[in-house]
Amino acid sequence: LRNAAPMMCAKSTPSAEVASVPFTQEMRQKAMSLHTFSQAPREGKQKDASANTVVDQWETTKEDYLQFLVDSKVVYEAFEKEVQRSGLEKFRNTGLERVRGLEKDIEWIEKSFNIKPLKATDQSKEYAQYLSTLSIPVFLTHFYNYYFAHTAGGRMIGKQVMDSVFDGHLFEFYKWDGDVKEILTKVKGFIDETAEGWTREMKDEALDSTPETFKWSGALLRVLVGKARDRAVRTMNKVQVKGGKLIAVSPSPYSTR
């Protein structure tokens, strides 16, 4: 998963210079241009405008993270359903699938900490539905950014939560059968092979959808971050009190979509 939804950038423009470059390299360059300095210290291009994108400043609870896993499961189920489309056969059973691991992690948290099952948020259900409306080039841009982000920034977020909230418990969500780098290399090859049959216009349409992938994944993360920040508001006494009673709490800007 991405740490948050960064700033938008200009649309891609056709260029003869990128014609011979593997399409996944173009996808990566586009994605890195949207990363903040804290998300990608060496390659990030955007300044951190808020704590939304600074993972070290995040706080969370078991309930919050369970919500994040429940939402993630809805989205990954949608991805696994959509690759059943004609033309996406290569992207079935790649080794990147996350649903089964998420099911185990959700059950473990519920049973271990006696937490009632949570319903998926509207953000996750809306994204899952949206994925079914996309052309294959745009869908694969979402696929690339969502799955590949989970193996990078997603693991960084997961490690922080596992260490600080779950005493180092390793979730199935962060386990892969085999070397994940080899799996990623294989899947990148599938994307490049598929993109060879696209026109330049189709490739540019796919690249131009990159900011949108950040927006959707960031919305899911803000479910997690927003709750933590709202608690922080209370803790820091940024509240309105009358007659010794709490009458209002300033809404957290991090909880807005």
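**Exercise 1. Is the crossing of α2 and α5 left-handed or right-handed?** Work on the predicted model above, and describe how these two helices pack.

*Solution.* Let's go step by step.

Step 1. Recall what to look for: two packed helices are described by the angle between their axes and the distance between the axes.

Step 2. Find the helices. Helix α2 spans residues 62-82 and helix α5 spans residues 136-151. Their angle is about 135 degrees, and their axes lie 12 Å apart.

Step 3. Name the arrangement. An angle over 145 degrees would count as roughly antiparallel, and 65 to 115 as roughly perpendicular; α2 and α5 are therefore oblique to each other.

Step 4. Give the hand: α2 and α5 cross in a left-handed way.

Step 5. Look at the side chains. On α2, the contact uses Ser72, Val75, Tyr76, Phe79, Glu80 and Glu82, while α5 brings Phe139, His142, Phe143, Tyr146, Tyr147 and His150. Sorted by character, this contact has seven nonpolar, three polar and two charged residues.

**Exercise 2. Describe how helix α8 packs with α1 and with α5.**

*Solution.* Take one partner at a time.

Step 1. Start with α1 (residues 23-32) and α8 (residues 200-208): the angle is about 30 degrees and the axes are 10 Å apart. Their crossing is right-handed.

Step 2. List who meets whom. Phe23, Glu26, Met27 and Lys30 of α1 touch Arg200, Lys203, Ala206, Leu207 and Asp208 of α8. Four residues of this contact are nonpolar, none is polar and five are charged.

Step 3. Turn to α5 and α8. Here the angle is about 40 degrees, with 8 Å between the axes, and the crossing is right-handed.

Step 4. List this contact too: Pro137, Val138 and Thr141 come from α5, and Met202, Glu205, Ala206 and Leu207 from α8. The split is five nonpolar, one polar and one charged.

Step 5. Compare your two lists for α8. Ala206 and Leu207 appear in the contact with α1 and in the contact with α5.

**Exercise 3. How many residues line the second largest pocket, and which lie nearest its centre?**

*Solution.* Nearly done!

Step 1. Count the lining: 13 residues, with Glu97, Arg98, Arg100, Gly101 and Asp177 nearest the centre.

Step 2. Give the volume, which is about 370 Å³.

Step 3. Ask which element contributes the largest share of the lining. Helix α3 (residues 99-112) does, with five residues.

Step 4. Sort the lining by character: nine residues are charged, two are polar and two are nonpolar.

How values were computed
Residues are numbered from 1 along each chain as its sequence is written. This is a predicted model: local features need pLDDT of at least 70, side-chain atom pairs count only at pLDDT 80 or more; totals for chains, interfaces and linings use all residues. Side-chain values use heavy atoms; hydrogens and water are left out. On a 1 Å grid over the protein atoms alone, a cavity is a set of points where a 1.4 Å probe fits but cannot get out, and a pocket is an open set with protein on both sides within 12 Å along at least five of seven lines; lining residues have an atom within 4 Å of a point. Grid points are joined across faces, edges and corners, and a volume is the space filled by probe spheres set on the points. Helices (H or I, at least four residues) and strands (E, at least two) are DSSP runs, numbered from the N terminus. Ala, Val, Leu, Ile, Met, Phe, Trp, Tyr, Cys and Pro count as nonpolar, Asp, Glu, Lys and Arg as charged, and the others, Gly among them, as polar. Axes are lines fitted to C-alpha atoms, for helices over the stretch in contact, and angles run from 0 to 180 degrees between N-to-C directions. Angles under 35 degrees count as roughly parallel, over 145 as roughly antiparallel, 65 to 115 as roughly perpendicular and the rest as oblique. A crossing is left-handed if the near helix is turned anticlockwise from the far one by less than a right angle, and right-handed if clockwise. Contact means heavy atoms within 4.5 Å.
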